[in-house]
Every structure is written in structure tokens, then in C-alpha cells.
Amino acid sequence: MPLPYLLLDHLRVNYQAAGHVHTAVRDVSLSLARGEIGCLLGPSGCGKTTVLRAVCGFEPLAGGRIVLDGHEVANAQSSEPPERRQVGVVFQDYALFPHLDVARNIGFGLGRMARGERQARVERLAERVGLAGALKQYPHELSGGQQQRVALARALAPAPALLLLDEPFSNLDLDLRERLAVDVREIIRESGATAILVTHDQHEAFAMADRIGVMHAGAIAQWSPARELWRMPANRAVAEFIGRGALIPGTFRGSVDGGGISVELGELAVSPMLADKLLRNAAKDTYPVNVDVLLRADDIAHDPASPFEGTLVRRAFRGADQLYTLRLASGREVIARVDSELTHAAGERVGLRLTVEHPVAFAARVAGV
Ligand code: ADP
Ligand code: MG
């Protein structure tokens, strides 16, 4: 395996707060190949910004090390200064210079470049982010999305080896966010930079990143390619955080060669890999194995001919489809994505069929633990 371009190896970062030590980052490890886009995804306060600050060189490490392009830039004893790390940053609030026009904002980090060369580079970047016509405008004359693009162009101008983006879309409207996320991904790809994005929004994470780390309380719970995180969340915390779903109790019967899980909405086929995991994690001497199965909106379809059903609690129309929240006989609630033509009323019974392709399940916790 080639050496990673960026390696964060068991990072630990402390803050001194009111006389005592607060550990904001406990244990963060990840690696990215050159040109990959990684994402740290987690709720507010879990330590995402602190990781970025440590990678920039703004926070010292209490433990672990940062290796950039084969060179150890920081450990608990020593740290290379930020200006030597060639890192570009897009801050959450963009931090544009209000008294400089777009051209001078973008060119800010190019002070040492010859004038003509600098101008050409600024124009090329403005073009790339779709702001070629706005070079003489000032930040307050721009929309939020345009300001975001200026911040991105400014960060990319010195051709950083590593680009860090701290919740870059959090100040934008939802539909703009989705479009920009795709554009920004393309722009970063073209630049060739390796990038880390941090966000609390999983749609952004999936739209942008090759690899995603789900962060919780200063540590990464799982660092995986985006698709794998969706298909095989490593634990309950990750499963519940990724993709609104419900964990429904079920019973596994089978062997390490595979088997099936029955839940109150029907039967699910289980692959040998999942069967093996469930059997290894099962409470001692219990068979069949009690499990919890993750059911997401795409795992449940409307089917009037099905013997299984749920009672409609509420519906959320989304245009192309709608989300039904349904109460099962046990009282548990699940969400199903259904055709936008359906017109059931709250309280009505709705036929349901499981359409799970890759079941996600965990051996149940032993009662009382
Ligand atoms: P996130 O970006 O995921 O919201 P942060 O990295 O900003 O999280 O913060 C992680 C934790 O560290 C939080 O508990 C926060 O209150 C604390 N923290 C952040 N910055 C400082 C600071 N300068 N001094 C003391 N505590 C801080
Ligand atoms: Mg933050």
C-alpha cells in the first residue's frame, strides 16, 4: 500500500479552560491518499474544528503525530509553524477582507508572485469558481454563495498541498448547499489538492467526500469509504447517526454460512459475513440470537398486497416522493419512502414490504447492561 499523503495518528488536543485541562480531541486517526477528499462528520462540539486547527498548526498536540507527504510536521514535542505547512483553509464564516475587492481577496496569499503572473492566476481562479465577472466587487455586494466561492478561490490561490474546509456551506440555503457541494468537489478535484472537510451535515459529507469519519466526543467512531459507511456502519452510534433509520428488534437463525432475521415486518436474508458477526457478538449461549436491525426509509416499500402493515402517523411530502412515518403493532415507528401519488390519511393502515438489500444488524445488548 502506498504511503498516505496525510496521516493523523492518534491525535490528542487539550485546551486549558478555567484552570483545568479540557481534552477536545481524544483519539483521531485517519489517512488520505494524495488528491482524496476526506470528511469529519459529527455533531457540534465533537472536536472537528480543533482537528483542523491542529492540522494547520494553530493548536499544539498533546499526543499523536501529523505526517504530511512523508514528513512529520507535528508531534507532542515539536511543531512546524503554520506557514511552512502549505495548508489552505476555508473558514466557516469565510473571513473575507471587507475592504478588499474580490480580485484582491483571491490574490491575498500571492504577495511574492510577479504582478502579471498574480493577475493571471487570480483571473483563472475567479473563472474556475464562476466569479469572472465579479472581480471588482466587494464582499458585502455578494451573495452568501458567491462569498463562499471567493473564500474557496483565495484558499486555492497559493496551490496548497492540503485544503481544509470548516463547515463551508453552513451559512447557505439548503438547495444552494447541495449544488455548491457538487461544484466545490469538482473544483477541488481539478486543483489536485488533498482536502479535509468538516461538517455536521451528512448530505454534504456524502456529496463531497471519498472517505468519511464519524466523530463523537473527540474520537472517530469509524473511518471508511463513503459507500462502506452507509452499507456497513461499524456500530450503533454510527448507524443511528447516518441516514435517519430505526433500530428494530429481530431474531437471527442460521450459522456462519448465513441465515435469516425475522422482524415484525417480515424476513431478511443474512450474508455469511453478517451472520458471522452476529454469532460472535451474541450474548453467551443464546440461540436464536436477539438482534437489532437498522431499517431506513429506502428499506420499506408500500405494498397493498403485503400481510404486514403499519399505521400512518404522519407524512412529509418531498416533491418526487414522500416520507411516511408508520407505527408498527409493537408501537415502534419506522419511516418509509413512498410514491408521491399516495394519499393515505393519518391513522390509516398501510401495507408494507421489506426491500432491504444489505441488512445492517447488531447483536442485541444483554438486558440491564
Ligand atoms: P466542533 O467544531 O466539532 O463544533 P470544536 O473543535 O470547536 O468542535 O470544540 C470541541 C470542544 O472543545 C468543545 O467542547 C469546545 O467547547 C471546546 N473548545 C473549543 N475551542 C476551545 C478553546 N479555545 N478553549 C477551550 N475550549 C475550547
Ligand atoms: Mg466547528
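Author: A strand, as the word is used here, is a DSSP run of E that is at least two residues long, and strands are numbered from the N terminus. The model discussed below is a predicted one.

Reader: In which strand does His10 lie, and what is its phi?

Author: Most residues other than glycine have a negative phi. His10 is not a glycine, and yet its phi is positive. The residue lies in strand β1, and its phi is about 50°.

Reader: Which element gives the most to the shell around ligand 1?

Author: The residues that surround ligand 1 include Tyr15, Ala17, His22, Ala24, Lys48, Thr49 and Thr50. At least two residues of this shell come from each of β1 (6-17), β2 (20-32) and α1 (48-56). With three residues, the element that gives the most is α1.

Reader: How many residues of the shell around ligand 1 are nonpolar, polar and charged?

Author: Besides those already named, the shell around ligand 1 holds Ser44, Gly45, Cys46 and Gly47. Sorted by character, the residues of the shell are four nonpolar, six polar and one charged.

Reader: Are α4 and α5 roughly parallel or roughly antiparallel to each other?

Author: The axes of helix α4 (residues 144-156) and helix α5 (residues 174-191) come within 12 Å, and they cross at roughly 15°. Angles under 35 degrees count as roughly parallel. The two helices, α4 and α5, are therefore roughly parallel.

Reader: What is the handedness of the crossing of α4 and α5, and how do the residues of their contact divide?

Author: The crossing of α4 and α5 is right-handed. On the α4 side the contact is made by Gly145, Gln148, Leu152 and Leu156, while α5 brings Leu176, Leu180, Val184, Ile187 and Ser191. By character, the residues of this contact are six nonpolar, three polar and no charged.

Reader: Where is Pro288 placed, and is the peptide bond from Tyr287 to Pro288 cis or trans?

Author: Most peptide bonds are trans. Pro288 has its place in the loop between α9 (272-281) and β14 (289-296). With omega near -10°, the bond from Tyr287 to Pro288 is cis.

Definitions and conventions:
Residues are numbered from 1 along each chain as its sequence is written. Chains are lettered from A and ligands numbered from 1 in the order in which they are written. This is a predicted model: local features need pLDDT of at least 70, side-chain atom pairs count only at pLDDT 80 or more; totals for chains, interfaces and linings use all residues. A residue is near a molecule or strand if its C-beta atom, placed from the backbone, lies within 6 Å of it. Helices (H or I, at least four residues) and strands (E, at least two) are DSSP runs, numbered from the N terminus. Ala, Val, Leu, Ile, Met, Phe, Trp, Tyr, Cys and Pro count as nonpolar, Asp, Glu, Lys and Arg as charged, and the others, Gly among them, as polar. Axes are lines fitted to C-alpha atoms, for helices over the stretch in contact, and angles run from 0 to 180 degrees between N-to-C directions. Angles under 35 degrees count as roughly parallel, over 145 as roughly antiparallel, 65 to 115 as roughly perpendicular and the rest as oblique. A crossing is left-handed if the near helix is turned anticlockwise from the far one by less than a right angle, and right-handed if clockwise. Two residues are in contact if their C-beta atoms, placed from the backbone, lie within 7 Å.
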